[in-house]
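Here is a tutorial dialogue on how to read a few features of a protein model. Please keep the sequence and the structure at hand while following the turns.

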Amino acid sequence: MPSGVQRPMAWGSWMAERFRCSYLLALFAVVLLVACNRTAAPPPREASPATTPADAKQVRAVVSLPVFVSLVEAVGADRVQVSSIVPAGTDPHTYQPAPRDAQALAEAEVIFVNGLGLEGWLDDLIASAGSSARVVELAEGLQTIQDAPSTPEPEHAHEAGNPHLWLDPGYAIEYVRRIAQALGEIDPDGAATYRANAERYIAEIEEFDAWAKEQVQRIPPEHRKLVTFHDAFPYFAEHYGLELVGVIVLSPGREPSPQELAQLVDLIRRQGVPAIFTEPQFNPKLAETLAREAGVEVLELYSDTPPAGEDYIGMMRRNVEHVVEGLA
Ligand SMILES: [Zn+2]
């Protein structure tokens with residue numbers, strides 16, 4: 001074969017080979033670049049603060065109850081690390097602090113609590129932890145409702161009024177504003193971000209609330225009556241036009257006497273209450289017994305811990321769905 005013919009062929013295949021090589025090289029470079037970028041990306045939020053870039057300061061916040069975690073996360077986003085003292089699904093009224101709680105409080109820059117006597121165990125704990133964190137009482141100075149008037153042992157009642165204000169979305173919005181204000185003072189570089197995040201979350205709460213008010217309209221007016229496990233829902237009831245007719249456990253940890261249970265069964269029947277509500281952090285047996293006696297349904301409500309994977313709004317949506325399901 002003449003070399004003149006073979007040469008262009010060889011040249012062509014050399015070119016093709018070269019092209020293939022550079023193509024592979026370029027591909028390799030892209031893969032390398034992506035891999036490098038990935039390793040250079042900021043560490044995930046759960047990474048230890050030692051690996052956090054110095055310019056991305058993270059505020060360490062501690063909250064008393066799991067339900068406040070999502071409020072602080074909504075406002076703080078990436079700038080704030082937040083954990084709850086009371087673990088998910090634990091009754092905060094009777095909570096016994098653990099040694100790890102003192103550690104978390106000692107490391108915190110800000111501690112968000114509800115106040116109004118809900119976290120009676122916390123003051124001593126903060127003092128003994130040697131924490132210099134700023135303590136923000138989210139419910140401070142807000143208009144409260146007094147505890148159920150039938151409370152037989154008023155000395156066990158919340159002296160400052162019922163503390164569960166956050167179950168009224170209007171008060172939750174106030175909590176969000178206070179969180180943004182406090183974080184902005186502690187971390188002034190993030191103040192504008194906190195304000196913007198707060199306004200966005202407040203708009204979401206308002207959107208939820210408009211939906212919730214529509215949902216409640218599906219309940220016949222004569223059925224808009226609430227019997228709950230513990231006295232956590234007076235603000236929720238008032239906000240949505242429900243009448244709180246009874247509470248199973250009038251003060252934390254105190255089970256009703258057989259006589260009181262009989263009175264409650266009678267009340268449920270007389271008032272024509274179609275369902276009663278328990279809460280996942282409490283033993284359901286008492287509510288189930290009561291429901292069987294009264295011939296009504298039992299559903300769940302959430303007060304201190306949102307259901308798994310849900311934030312404050314998701315928890316409230318679940319509450320409204322269950323109330324409508326039980327009473328409509
Ligand atoms: Zn409570």
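Q: Is H230 buried or exposed in this structure?
A: The model is a predicted one, and in it H230 counts as buried, because its relative accessibility of 7% falls under the cut-off of 20% that applies to buried residues.

Q: Which protein donors does the zinc ion have, and where do they lie along the chain?
A: Ideal angles at a metal are 109.5 degrees when four donors are tetrahedral, and 90 or 180 degrees when six are octahedral. In this model the protein donors of the zinc ion are the NE2 atoms of H93, H164 and H230, at 2.0 to 2.1 Å from the ion, and along the chain these donors follow the spacing H-x70-H-x65-H. Since H93 sits in the loop between β2 (80-84) and α3 (99-107), while H230 belongs to strand β5 (residues 225-230), this pair ties together parts that are 137 residues apart in sequence. H93 also counts as buried, with 15% relative accessibility.

Q: How are the strands ordered in the open sheet, and which are its edge strands?
A: Strands of a sheet pair through backbone hydrogen bonds, and the pairing is either parallel or antiparallel. Here an open sheet is formed by 4 strands in the order β2-β1-β3-β4, with parallel pairing. Its edge strands are β2 and β4 (134-137), each of which pairs on one side only, and from one strand to the next the twist averages 25 degrees.

Q: How many bridges join β1 to β2, and how many join β1 to β3?
A: Strand β1 (residues 59-63) pairs with β2 over 5 bridges in the parallel sense, whereas 3 bridges join β1 to β3, these two strands also running parallel. Taking individual residues, V59 stands opposite V80 in β2, and V62 has S83 as its bridge partner in β2 and I111 as its bridge partner in β3.

Q: What covers or crosses this part of the sheet, and what is the handedness of the crossover?
A: Strand β1 is mostly covered, with 4 of its 5 residues buried. The chain passes from β1 through α2 to β2, and this β-α-β crossover is right-handed. Helix α2 (residues 66-76) lies across β1, β2 and β3 (110-113), and its direction makes an angle of about 175 degrees with β2.

Q: Where is N197 found, and which residues does N197 touch?
A: N197 is found in helix α6 and is buried, its relative accessible area being 8%. Leaving aside residues up to four places away in sequence, N197 touches A74, V75, G76 and A77.

Q: How many aromatic pairs are there, and how is the pair of F208 and W211 described?
A: A pair of aromatic rings is described by two quantities, the distance of the centres and the angle of the planes. The count for this model comes to 8 aromatic pairs, for centres lying within 6.5 Å. In the pair of F208 and W211 the ring centres are 6.0 Å apart and the planes stand at 40 degrees, so the pair is tilted. These two residues are 3 residues apart in helix α6 (residues 191-216), and therefore separated by about one helical turn. F208 counts as buried at 3% relative accessibility, whereas W211, with a relative accessible area of 26%, is partly exposed.

Q: Which residues form an aromatic cluster?
A: One aromatic cluster is formed by F68, W166 and Y175.

Conventions
Residues numbered from 1 in each chain as written. Predicted model: local features only at pLDDT ≥ 70, side-chain atom pairs only at ≥ 80, totals over all residues. Heavy atoms only, no water. Donors = N, O, S within 2.8 Å, 3.2 Å for Na, K, Ca; no water. Buried < 20%, exposed > 50% of the residue type's maximum accessible area, 1.4 Å probe, protein only. Phe/Tyr/Trp six-rings, centres within 6.5 Å; stacked < 30°, edge-to-face > 60°. Pairing = 2+ DSSP bridges. Axes fitted to C-alpha atoms, helices over the stretch in contact; angles between N-to-C directions. Contact = heavy atoms within 4.5 Å. Right-handed = clockwise from strand over helix to strand, strands pointing away.
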